[in-house]
Amino acid sequence: MISLFGRRGSGAPDFDSDCSDGIFGSPGSGVPSRVPMFPSSDLETPLGQGLLRRSLDEARMARREEAESAECSTSLLSQLDKQTYCAREETEVEKAVKGHWNDATTMLQRIAKTEEVEMVYIPESLKGAVFCGHLVADMDSIAGAIGAAELYGGTPARASAINGETEFGLHYWGYDLDDIKPIEEVLASDPDHPVCLVDFQQKTQLHPNIKPKQVVGVIDHHALQSSTLITERPIYVDIRPWGCMSSILAHNYVMMGKYMPKSVAGLMLSAILSDTLNLRSPTTTEWDRRIMTMLVQYTGVTDVNLLAAQQFRAKSRSLAGMSPHALCAGDVKQFIFTSRGVSIRVAFGVVETTDSMVMIARTAELLPEMRAIRREMSEAQDNKVDCYFLAVVDIVEMQSHLLIAGPKERSLAMAAFGPSTVPLSDKVLSLIDSSAAKNILALKPGAVSRKADFVPPLTKAINDGWDPSQTMASSKSENDLSIGTEVVCVPDTDPSCQARLVRKKTEEIMFED
């Protein structure tokens, strides 16, 4: 009898014995791949006990029902009956599980089986601290806050509302928003309470209620690029060049021999899948693959690709009902570059979706909003934002399109990404007005990470001498790039929108660049 976990006694899953269908494929291929099945019939070891048995036919039907219930795209559904595992390459998740199964098993032996095991070491400054992520909270910042609070003995908090993917993750692993309250509520009774930052260390992403002097720690995986927090005294710092901050936390559970609740492990697993785009992002490291495999074993997740698909669909569904303002002002990070004595501030927004064409079709309403937000950010902080970009990232096809707000952005984008661009597809051209073609750059497949693919080229271009003052003044004749819309923010009257801000046109104005 063939085990879904592989040949009996081998330990690692035998994916070659399973020719079932799936959803996600190789990066850039557009060909869906099957959702892997993890060991469920090997009950000879404690790790195998408790995992669900599922036949291949049942697994296939479950995946198809999930895709249909989630209103998966026609193209994805059609592939479910066409491609089998035997007809394609392994997914990155399958490769990771096969390659790191034994490593993960070894790491699991170090995790405490109960909460009563004495911990090795906890920095005194982190005991009882509030753990909070960045503005525009995402899966990693929420999972990190909850995971770190459990690990070090503190209180989790969030810096903003959450997106659809994070809401799905919390619900899937048994949490709700009451388990991680807004930071302003957490600090209400003690505004100077110690805070440890998770998943960031930039002042531009710091919630206004958190003062630099109360920061006692940073756990992060981002580069120290610009606006890095400066503290008055030494603090605890754990920054590693890994693809996800939750990978760092899960590793700390192992090294400290600390008990890890299954719900916390699940949240961190979802965060790794999110931040690494199902292990396909260029930021993914071998440690992310090891930790992901360990958490799959520990939580008993049988269809990890399906879990990723569910998360990504939840994120994409939430995008469909969002206003242009919410899309453009959502996941935005600011970077300050200095070259030859000149400081240049760049705001870079990202929209990740399973169907980028839906977002590309909204270019006409997104471009004016981008310009409005650029001006608002400049006025709010009394420090001019020189450029604002919005990257629409297709997390299935692993390709990005860069929306360009104005002449300065176009000039910098060509200096930074010129050699890495490809012609716009006929599909994209059919969705946009001909005058907007210069407002979009298609990047080569595989460029999907702000940290690894977008910011470094911008840094190099500016360091090589790009200067915003050399850009020609904007004019109405140049594809109307300088024409924006004077806007006011008003609460949406639809109660289901939860007071989301929307835009109302008042008059056409000329923006300065």
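**Figure 1. Helix α13 in the predicted model.** Helix α13 covers residues 363-381 and has 19 residues. From first C-alpha to last, α13 reaches 27 Å. That is close to the 27 Å expected at 1.5 Å a residue. Its buried residues include the nonpolar side chains Leu 366, Leu 367, Met 370, Ala 372, Ile 373 and Met 377. Glu 369, Arg 371 and Arg 374 are also buried. So are Thr 363 and Ser 378.

**Figure 2. Helices α3 and α9 where they pack.** Helix α3 spans residues 92-108, and helix α9 spans residues 286-299. Their axes lie 7 Å apart, at an angle of about 75°. Angles of 65 to 115 degrees count as roughly perpendicular, and α3 and α9 are therefore roughly perpendicular to each other. On the α3 side, the contact includes Val 93, Ala 96, Val 97, His 100, Trp 101 and Ala 104. On the α9 side, it includes Trp 287, Arg 290, Ile 291, Met 294 and Tyr 298. By class, this contact of α3 with α9 has 12 nonpolar, four polar and five charged residues.

**Figure 3. Thr 106 of helix α3.** Thr 106 is exposed, because its relative accessible area is 53% and the cut-off for exposed is over 50%. Thr 106 and Met 294 are 188 residues apart along the chain. Their C-alpha atoms are separated by 8.8 Å.

**Figure 4. His 251 in helix α7.** Helix α7 covers residues 245-256. The relative accessibility of His 251 is 12%, so this residue counts as buried; the cut-off is under 20%. Beyond residues up to four places away in sequence, His 251 touches Arg 240, Trp 242, Trp 287 and Ile 291. Trp 287 and Ile 291 also take part in the contact of α9 with α3.

**Figure 5. The largest nonpolar core.** This core has 89 residues. Tyr 152, Met 292, Met 294 and Leu 295 touch the most other members. Helix α4, residues 139-152, gives the most to this core, with nine residues. Another core lies apart from it, with 26 residues. Among them are Leu 327, Val 385, Ala 405 and Val 428.

**Figure 6. The surroundings of Leu 295.** Neighbours within four places in sequence are left aside here. Leu 295 is then in contact with Ala 250, Met 260, Ala 265, Met 268, Leu 269 and Ile 272. Leu 295 lies in the stretch of helix α9, residues 286-299.

Key. Residues numbered from 1 in each chain as written. Predicted model: local features only at pLDDT ≥ 70, side-chain atom pairs only at ≥ 80, totals over all residues. Heavy atoms only, no water. Helix = DSSP H or I, 4+ residues; strand = E, 2+ residues; numbered from the N terminus. Buried < 20%, exposed > 50% of the residue type's maximum accessible area, 1.4 Å probe, protein only. Contact = heavy atoms within 4.5 Å. Expected span 1.5 Å × (residues − 1). Core = buried A, V, L, I, M, F, W, Y, C linked by side-chain atoms within 4.5 Å. Axes fitted to C-alpha atoms, helices over the stretch in contact; angles between N-to-C directions. Parallel < 35°, antiparallel > 145°, perpendicular 65-115°, else oblique.
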